[in-house]
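Colleague: Could you take a close look at one part of this model for me, the place where the two chains meet? I would like to follow it outward from there into the rest of the fold.

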There are 2 protein chains.
Amino acid sequence: MSSTAPTVTREQAVALDAGSPLRGRRELFELPAGVVYLDGNSLGALPRSVAPRLREVVDREWGAGLISSWNTADWVGLSRRVGARIAPLVGARDCDVHVGDSTSVTLFKTFVAAARLRPGRRVIVLEPTTFPTDAYVAAGVSRAFDLELRWCDPADPAASLGDDVAVLALTHVDFRSGAMFDLPGLTRAAHDAGALAHWDLCHSTGAVPVELMAADADVAVGCTYKYLNGGPGSPAFAWVHPRHQPGWDQPVTGWFGHADPFGMAPTYAPVDGVARMASGTPPVLALSALDAALDVFDGVGIDVLREASLSLTDLFIDLVDARLGSVFEVITPRARSLRGSQVSLRHGSAYGVVQALVARGVVGDFRTPDVARFGFAPLYVTHADVYDAVEQLVAVVEGEEHLRAAYAVRHAVT
Amino acid sequence: MSSTAPTVTREQAVALDAGSPLRGRRELFELPAGVVYLDGNSLGALPRSVAPRLREVVDREWGAGLISSWNTADWVGLSRRVGARIAPLVGARDCDVHVGDSTSVTLFKTFVAAARLRPGRRVIVLEPTTFPTDAYVAAGVSRAFDLELRWCDPADPAASLGDDVAVLALTHVDFRSGAMFDLPGLTRAAHDAGALAHWDLCHSTGAVPVELMAADADVAVGCTYKYLNGGPGSPAFAWVHPRHQPGWDQPVTGWFGHADPFGMAPTYAPVDGVARMASGTPPVLALSALDAALDVFDGVGIDVLREASLSLTDLFIDLVDARLGSVFEVITPRARSLRGSQVSLRHGSAYGVVQALVARGVVGDFRTPDVARFGFAPLYVTHADVYDAVEQLVAVVEGEEHLRAAYAVRHAVT
């Protein structure tokens, strides 16, 4: 244990916040008093715009409008309208993003549809460090459709590409380490090999610039309950490059993806465009909450968010290095271009560290086996939060609270 | 046009309501003043318990509890808890019902998993009158998994069974006509042919007794936004007979169906039981709204609901026969045992009839090409509503309002 003096003072951190173009945005969120919330990469905080909107949807649209609200409140168009609001955050055209099912269900559809665009090839390349559901869903797809999964080296995914590869499926920002792939470069590599580039944007959308059209990517799926603050279990979005939309053939061909859902025709005929990603009736309450949550992005450019995010993660890394450099290994890349919006620390008692921090009002999370993970949602996390979080982290380590917390947990489990 | 005197007076209808064991239940719903709502078979009315519960989930669980609510509010167990509340309405064990995805996505999973239980057989039998999404999803499944769809005669589905049939997939109550299949009898017929009986309960659950275990059925899927009043686009439920659960192999193998979701293991291993129907993160807001909505069923037996429903549809049919018998053809079976909880009338200007009725505050809906459909949700529709609805229907026909309404619509469209 070798805690040393911080590299900046709390006053300097507060001054950084006062000078930020995002100052005041935090007031758009309901955050519990006394909590430093560094887990927005798992579940985003509650935007104040959500509760009033849900009240209106429940009382006025559902309660009073009843079935007529499918038209008068345009519930039919919700998936498209919400998609159009996400589009600028990922460098997409408004009309090319669809929102509806869970991330896992959406991945199932996009993996299958992407593979179908390369019928002569039967390999999907994944990284072994991908978020588990991506690997689980891809395994289900590969078994059902007689495809092969190939695990690439995360240090060089392109090395696994060959003329048998249909899809290179990567997560833009790694959920555990916070490392970020070169999306444009690896998209080019996939194309050079004749494969499609499929991007999981769960841990980047809303905090990291993503330029899907500029990068010429093929397919992307992203979560909306992390940096987009859509609420627990809010529906995922999917983007399909316009060149693939005419031939896009996703397997869950339900009535809301039909060209004329209420025509009740006996046979399926997909609607044009990305809307054919739809299967069932859209989840109106969840989509409405997400729609309201996206208000917090109004008038903020993604580059401003990115700069704020990097300033926060820079400061966190600097303070941890200076004060606890011998205790924690920062496993998140130090190069800005390789880093998402989180910082992950390796420690043998990482679980205890996270528990002890939570007891002190600093919420991060643990990822097995030895990672303490801290997310920095730039709309509501401040430099002062970062300073305070590291202060508490020092106190946990100095008091060996992480060892007692881990002990308590072991007893609770057995 | 030959309107005659009603067979009962309004006072007699009111007296039937006063004597009903369900009197007072209507007060559990927010219903707009001046509206007779006969479309609960499309979107159920708003239970008063929903808004306070959503406020609590948003403000306290999400806003204040943040990520900790996965444990402290048991969001992880929501799909199971809500399933357990639906179970008694369909004659299932509490632990055998899962709630999570849209009806269409759920049907995709159950069709595939059911067919996988009969690997030597490659036919799925469907009725041509099934709800469109069932047919569309089954078509997607058949194409992806090299199965064959066989369209049965709705008058005798069993005639299409043979030793090549893996699954007999029927909708219990027809969405257009309101006709109800003999679920136990057709389940036996499926088993006699070595096939599985797969039931779509969208138009029966909550209004019609369903005894899945007693009937020895195999799989069932149902909607929760119709008679269960879960709100627009609320998630569907799935039931899998316990004998099939150990080998149940649904294709969308996401992390929430894993035996240890937070263990983040690299390979998928399904959790025991029907919970392996889960794929992605559960939709917490929608599940919570549905959970609250189910309060209106507390203390009501399904047999009481059924008797009330039949009394309402009997009265509607009697009044339409007596007053408008020469104008409308009642296409819903008159035999109680063959009828769900709706009554459908055939008329060449059915669209105009429905529009003109809506203008008079009576909400039913139109199903192409010539059906006016009226649902009778027994928890909030009264005999007085039925009386009033037929009065308005008589007024529409006598004033030829349906012809003007249809004319107006044609002009609005062109």
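Modeller: Happy to; here is a walk from the contact between the chains to the helices and loops around it.

Please keep in mind that this is a predicted model. The contact draws 63 residues from chain B and 63 residues from chain A. On the chain B side, helix H2 (50–64), helix H5 (103–116), helix H6 (132–144), helix H9 (284–293) and strand E14 (365–367) each give at least two residues. H2(B) makes the largest contribution there, with 9 residues. Sorted by class, the side of chain B that touches chain A holds 38 nonpolar, 18 polar and 7 charged residues.

How do the copies relate to each other? A turn of 180 degrees, with a shift of 0.0 Å along the axis, lays chain B on chain A with an RMSD of 0.0 Å. The two copies are thus related as by a two-fold rotation axis. In chain B, the C-alpha nearest that axis belongs to B:Ala286, at 3.2 Å from it. Of the interface residues of chain B, 100% are also interface residues in chain A, so the copies meet through the same surface.

B:Ala286 is one of the buried residues of H9(B), and that helix deserves a moment. H9(B) is mostly covered, with 9 of its 10 residues buried. Besides B:Ala286, the buried set includes B:Val284, B:Leu285, B:Leu287 and B:Ser288. These buried residues pack against H9 of chain A, and also against strand E3 (46–47), H2, helix H4 (78–86) and strand E4 (97–99) of chain B.

Over in chain A, we can look at how H2 and H9 pack. Two packed helices are described by the angle between their axes and the distance between the axes. For H2(A) and helix H9 (residues 284–293) of chain A, the angle is about 145 degrees and the axes are 8 Å apart. Their crossing is right-handed. From H2(A), the residues A:Val50, A:Arg53, A:Leu54 and A:Val57 meet A:Val284, A:Leu285, A:Ser288, A:Ala289, A:Ala292 and A:Ala293 in H9(A). By class, this contact has 8 nonpolar, 1 polar and 1 charged residues.

A:Val57 makes a good single residue to zoom in on. It sits in helix H2 (residues 50–64) of chain A. With 26 other C-beta atoms within 10 Å, A:Val57 is buried, as the cut-off for that is 20 or more. Leaving aside residues up to four places away in sequence, A:Val57 touches A:Trp62, A:Val284, A:Leu285 and A:Ser288. By contrast, A:Thr133 is 76 residues from A:Val57 along the chain, and their C-alpha atoms are separated by 32 Å.

Two further helices of chain A can be checked against their expected length. The 23 residues of helix H10 (residues 302–324) of chain A should span 33 Å at 1.5 Å a residue, and the end C-alpha atoms are 32 Å apart, which agrees. Among the buried residues of H10(A) are A:Leu305, A:Ala308, A:Leu312, A:Phe316 and A:Leu319. Their cover includes strand E11 (329–330), strand E12 (342–346), strand E15 (371–375) and helix H12 (383–398) of chain A. For the 16 residues of H12(A), the same 1.5 Å a residue gives 22 Å, and the end C-alpha atoms are 23 Å apart, which agrees. H12(A) has buried residues too, including A:His383, A:Tyr387, A:Val390 and A:Leu393. Just after H12(A), A:Glu400 takes a positive phi of about 50 degrees.

That brings us to the backbone details. Most residues other than glycine have a negative phi, and most peptide bonds are trans. A:Asp146 has a positive phi, near 55 degrees, and lies in the loop between helix H6 (132–145) and strand E6 (148–151) of chain A. A:Asp146 is exposed, with 7 other C-beta atoms within 10 Å. B:Leu66 also has a positive phi, near 50 degrees, and is placed in the loop between H2 and helix H3 (69–72) of chain B. B:Leu66 counts as buried, with 22 C-beta neighbours inside 10 Å. Finally, a cis peptide bond joins A:Thr368 and A:Pro369, with omega about 5 degrees; A:Pro369 falls in the loop between strand E14 (365–367) and E15 of chain A. In chain B, the peptide bond from B:Thr368 to B:Pro369 is cis, with omega near 5 degrees.

Technical notes
Residues numbered from 1 in each chain as written. Chains lettered and ligands numbered in written order. Predicted model: local features only at pLDDT ≥ 70, side-chain atom pairs only at ≥ 80, totals over all residues. Contact = placed C-beta atoms within 7 Å. Helix = DSSP H or I, 4+ residues; strand = E, 2+ residues; numbered from the N terminus. Nonpolar A, V, L, I, M, F, W, Y, C, P; charged D, E, K, R; others polar. Buried ≥ 20, exposed ≤ 12 C-beta atoms within 10 Å, placed from the backbone. Least-squares fit on C-alpha atoms with pLDDT ≥ 70 in both. Axes fitted to C-alpha atoms, helices over the stretch in contact; angles between N-to-C directions. Left-handed = near helix turned anticlockwise from the far one by under 90°. Expected span 1.5 Å × (residues − 1).
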